[in-house]
Amino acid sequence: MNDEVISWYVNGFTGVKGTCYDGQYLYDTDHTIAADGSGATLSNKGTAEFSTTALDAALLVVAGWEDPSGRKLKVKMTHILHGPTLAATMRATFKKSTVDAGGDNEYYEMLIPIEVPEIEDGSWFLIDARKRVRPVILQIRRDPTLSSPSNKMDDHTAFHTKNYEFGTECTFGCGYGPWHLTWASDASA
């Protein structure tokens, strides 16, 4: 199930998995807060490679998001998804309490980095995971259950071959939730 959720984030630039309530890709430059598509357009997509300067710029954009009546959306990014190519950078940025030149690291524990092997390029994704609703919603329709063709451990065939077959089955689906709870850069610049 985690792989499916991650694939929805990773494919959020292209619309392969669908679009948000406003008809835009999950990560796009012309979202609207109003459900009817009216009002100012907002962007939750960047193109910069990861750096603390790019991170600061992204967080500044997110902090400026307002609803149609002018109230701040109060989005606070808590996690950052990244691929293996950024692993060392993320450790240095968010896991070290001091910087190499000495002094305190202002980014220490600011975000929780999550390395995702499916992210093969330099793209990075910020997520506000404080609320029950997430940018990608996982709906479990039937919980995973463990099953076996034979539930007896002393089954004749299993006893002789020393092979026991088990499997799981479940029913679930994913979809896009509120786009303004995430921001991402495809690192194309």
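This briefing walks through the fold, the sheet, the main pocket and a few individual residues of the structure above. The model is a predicted one. Its protein chain carries four helices and nine strands, and 35% of its 189 residues are buried. A mixed, open sheet of five strands is one feature to look at, and a pocket of about 350 Å³, the largest, is another.

**Overall layout**

- Going along the sequence, the helices and strands of the protein chain come in the pattern α-β-β-β-α-β-α-β-β-β-α-β-β.
- If you take contacts in the protein chain with a separation of 6 or more, 69% of them join residues 24 or more positions apart.
- The disulfide count is zero.
- As for cysteines, Cys-20 is buried at a relative accessible area of 5%, and Cys-174 is buried too, at 19%. Cys-174 counts as buried because its 19% falls under the 20% cut-off.

**The sheet**

- Reading across the open sheet, the strand order is E3-E9-E6-E4-E5, with mixed pairing.
- The edges belong to E3 (45-46) and E5 (112-115). Each of these two strands has a single partner, so one side of each is left without a neighbour in the sheet.
- As background, strands in a sheet pair through backbone hydrogen bonds, in either a parallel or an antiparallel sense.
- E4, covering residues 79-82, runs parallel to E5, and four bridges link the pair.
- One residue pair to pick out here is His-82, whose bridge partner in E5 is Glu-115.

**Helices on the sheet**

- H1 (residues 2-10) packs on the sheet and touches E4, E6 (124-127) and E9 (182-185). The direction of H1 makes about 105° with that of E6.
- H3 (residues 87-94) also packs on the sheet, where it touches E4 and E5. For H3, the angle with the direction of E4 is about 160°.
- Back on H1, the buried residues are Val-5, Ile-6, Ser-7, Trp-8 and Tyr-9.
- Those buried H1 residues pack against E4, E6, E7, E8 (167-176) and E9.

**The largest pocket**

- The space in the largest pocket comes to about 350 Å³, and 16 residues line it.
- Closest to the pocket centre are Asn-2, Val-5, Ile-6, Tyr-9 and Arg-134.
- The elements giving two or more residues to the lining are H1, E4 and E7 (136-147).
- H1 supplies the largest share of that lining, with five residues.
- Val-5, Ile-6 and Tyr-9 turn up twice in this briefing: they are among the residues closest to the pocket centre, and they are among the buried residues of H1.

**Positive phi outside glycine**

- Lys-74 is not a glycine, yet its phi is positive, near 55°.
- You'll find Lys-74 in the loop between H2 (52-63) and E4. Lys-74 counts as exposed because its relative accessibility, 68%, is over 50%.
- Ala-187 is another non-glycine residue with a positive phi, about 55°.
- Ala-187 sits in the segment after E9. Unlike an exposed residue, Ala-187 is buried, with a relative accessible area of 16%.

**Loop residues and their contacts**

- Arg-130 lies in the loop between E6 and E7. Its relative accessibility is 45%, so Arg-130 counts as partly exposed.
- Setting aside neighbours within four places in sequence, Arg-130 is in contact with Lys-74, Val-75, Lys-76 and Thr-78. Lys-74 in that list is the residue with the positive phi near 55°.
- The C-alpha atoms of Arg-130 and Thr-78 are 7.3 Å apart, although 52 residues separate the two along the chain.
- Asp-104 belongs to the loop between H3 and E5. With a relative accessible area of 72%, Asp-104 is exposed.
- Outside its neighbours within four places in sequence, Asp-104 is in contact with Ser-97, Thr-98 and Val-99.

Technical notes: Residues are numbered from 1 along each chain as its sequence is written. This is a predicted model: local features need pLDDT of at least 70, side-chain atom pairs count only at pLDDT 80 or more; totals for chains, interfaces and linings use all residues. Side-chain values use heavy atoms; hydrogens and water are left out. A disulfide is a pair of cysteine sulfur atoms within 2.5 Å. Buried means under 20% relative accessible area, exposed over 50%, partly exposed in between (1.4 Å probe, protein chains only). Two strands pair if DSSP finds at least two bridges between them. Contact means heavy atoms within 4.5 Å. Axes are lines fitted to C-alpha atoms, for helices over the stretch in contact, and angles run from 0 to 180 degrees between N-to-C directions. On a 1 Å grid over the protein atoms alone, a cavity is a set of points where a 1.4 Å probe fits but cannot get out, and a pocket is an open set with protein on both sides within 12 Å along at least five of seven lines; lining residues have an atom within 4 Å of a point. Grid points are joined across faces, edges and corners, and a volume is the space filled by probe spheres set on the points.
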